Structures are given as structure tokens and as C-alpha cells.
Amino acid sequence: MTFEKLREELAFLLAPGRIGAFDHIELIEVIGTPRGGVTINVLSVAVLAEGHPNIGDTERTERLTERIGRIDGFRDWSFGVMRTLRPVAALDQALSTLAASGEWTLSGHTLGTGTLRPDPAMFVPPDGTVRVPINNVLKNNFWAGSHVFRLTDQDKTPFAPFFADRRRLQVLSDAVSAGVPIAFAGLADLLGDVLIQLPVTVLVPSVTAPPARSILMSQ
């Protein structure tokens, strides 16, 4: 998939009322910073959401965890989780910048990444009789599923210690889970990636049972 095709598909799905009525982006970034080095993306999830229609161009960022350190294999690194609210239009702007310069700037600031390439869109259903592993990092994918676009890190070199010993990734995942419901210990292939989640909210099935009294009276 090309960035141009990705932007076209997103524009189609983001049309008001097609699958939802999105008015902002909630961006969750798991980040890592070597001492004296550039902060890099460990895993980012950008969720299209509703309920904050007045978010302007100025980013609104908060830290969701305390500084996470002491991960074996990452001497003098610190990790953390940031949450930023952005207007919907910022997504297309960030993808345009990424295609042109290779820089990922959805948060309002450049975040270090490997070379990111877009994958074809996938539809992720909610968990049913079979669990869907990627739901461990998506937000509230309970009802009608989500369209998910993935920007895949083509290199993943900084994360070699995680691949060498998956227990290290479990330690980081557990520390992240203390601040945000994301569990990626079993999803090492997502390291360095960016996920763009579009929940389907326009048609959410609802089944309710009639009151017990009504059932008795109808018999």
C-alpha cells in the first residue's frame, strides 16, 4: 500500500456518519529514550474518537506512567507512556509529512521511528469464542469491531534485546499496563509500529430482553 492510497481510504472512512462521528484523535505512545539520545517510538496507537469536538491545533499531552527504567538489555534507557489529544485533521497532515520526510509528527512533535511503511487495512472484530491478539493493544474494541491501519517499522533494530529475551518485553508490558490498558508482551512483531484505529460506532447491535412481567402477561 502507498501513503496516497492510505490517505484516500482514511478519508473515505472518516466521512461523517460513515462508520462513526469522530471529532478527535486519542494518541497513546509508548516511548523509549536512551540517555542523551533521541526519544523513539516503541508502540503507538492512534484512536479516532468522539466527545471532544473543540480540540484545537495545540497538542494536549499528559504522561500516563512514571518513568520506567531498569529493563534488562536497555542500559541507561527510560520508558514511558504519553497521551495526546489531536484534531482529526492532524492525522492526514502527519501522514503527508511522513510520506515526504520520513518524520512522524502526529503528537505535534517529531518522534523517532524506523522507516515506516503502510500495510493494507484490516478489519479487527471483537473477541468472541476465539480471542483476537491485537485487541490487547486496541482501545475498547468490544462491539462492532474496528478498521485498523498499520504503519510497520521496517527495521526494529533498537528492539533487538526484546527479541533476544521475550521476558524483557513482559517486564515493560507489565509496567505500561499499570498506566494504560495495553498489553503487548505477546506482540513483539508490533514493536516500533503505529496503529491507526477507527472503531465502528454507527451501527452497534443491541439486544434487550423484555421485562419479566411483560413475558408473563403475554402467555
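Let me start with one word: a residue is buried when its relative accessible area is under 20%. Keep that cut-off in mind. The model on the screen is a predicted one.

Aromatic rings first. Phe 74 and Trp 77 are both buried. Take Trp 77: its relative accessibility is 17%, so Trp 77 falls under the 20% limit and counts as buried. Phe 79 is buried too, because its relative accessible area is 3%.

Now, how do we describe two rings together? A pair of aromatic rings is described by the distance of the centres and the angle of the planes. How many aromatic pairs does the structure hold? Five. Here is one: Phe 74 and Trp 77 have ring centres 5.3 Å apart. Their planes stand at 75 degrees, and over 60 is edge-to-face, so that is what this pair is. Next, Trp 77 and Phe 79. The centres of their rings are 5.7 Å apart. Their planes make 20 degrees, and under 30 counts as stacked, so this pair is stacked. Put Phe 74, Trp 77 and Phe 79 with Phe 162, and you have one aromatic cluster.

On to the cores. The largest nonpolar core has 31 residues. Which of them touch the most other members? Phe 79, Val 137, Phe 162, Leu 172, Val 176 and Phe 184. Strand 1, strand 2, strand 4 and helix 4 each give two or more residues to this core. Strand 2 gives the most, with five. Look at Val 137. Leaving out residues up to four places away in sequence, Val 137 touches Leu 43, Val 45, Ile 182, Ala 183, Phe 184, Leu 187, Leu 190 and Leu 195. Apart from this core lies another one, of 25 residues. Its members include Leu 13, Leu 48, Leu 151 and Ile 196.

Two single residues now. Is Gln 197 buried or exposed? Buried, because its relative accessible area is 0%. Gln 197 sits in strand 8, which covers residues 194-199. Beyond four places in sequence, Gln 197 touches residues including Val 45, Leu 48, Lys 139 and His 147.

Phe 163 reads otherwise. With 32% relative accessibility, Phe 163 counts as partly exposed. Phe 163 belongs to helix 3, residues 160-164. Not counting neighbours within four places in sequence, Phe 163 contacts Lys 156, Ala 188 and Leu 191. Val 180 is 17 residues from Phe 163 along the chain, and 23 Å separates their C-alpha atoms.

Last topic: pockets. Rolling a probe the size of a water molecule over the atoms shows where empty space is left. The largest pocket holds about 300 Å³ of space. Its lining has 19 residues, and Asn 135, Leu 138, Lys 139, Asn 140 and Pro 181 lie nearest the centre. Strand 1 and strand 2 each give two or more residues to that lining. By class, the lining of the largest pocket has eleven nonpolar, four polar and four charged residues.

The second largest pocket has about 230 Å³. It is lined by 17 residues, with Leu 48, Lys 139, Asn 140, Pro 199 and Thr 201 nearest the centre. Strand 2 gives the most to this second lining: three residues. The lining of the second largest pocket divides into ten nonpolar, five polar and two charged residues.

That is the tour. Thank you.

Technical notes
Residues are numbered from 1 along each chain as its sequence is written. This is a predicted model: local features need pLDDT of at least 70, side-chain atom pairs count only at pLDDT 80 or more; totals for chains, interfaces and linings use all residues. Side-chain values use heavy atoms; hydrogens and water are left out. On a 1 Å grid over the protein atoms alone, a cavity is a set of points where a 1.4 Å probe fits but cannot get out, and a pocket is an open set with protein on both sides within 12 Å along at least five of seven lines; lining residues have an atom within 4 Å of a point. Grid points are joined across faces, edges and corners, and a volume is the space filled by probe spheres set on the points. Helices (H or I, at least four residues) and strands (E, at least two) are DSSP runs, numbered from the N terminus. Ala, Val, Leu, Ile, Met, Phe, Trp, Tyr, Cys and Pro count as nonpolar, Asp, Glu, Lys and Arg as charged, and the others, Gly among them, as polar. Buried means under 20% relative accessible area, exposed over 50%, partly exposed in between (1.4 Å probe, protein chains only). Contact means heavy atoms within 4.5 Å. A nonpolar core is a set of buried Ala, Val, Leu, Ile, Met, Phe, Trp, Tyr and Cys residues joined through side-chain atoms within 4.5 Å. Rings of Phe, Tyr and Trp (its six-membered ring) pair if their centres lie within 6.5 Å; planes under 30 degrees apart count as stacked, over 60 as edge-to-face and the rest as tilted.
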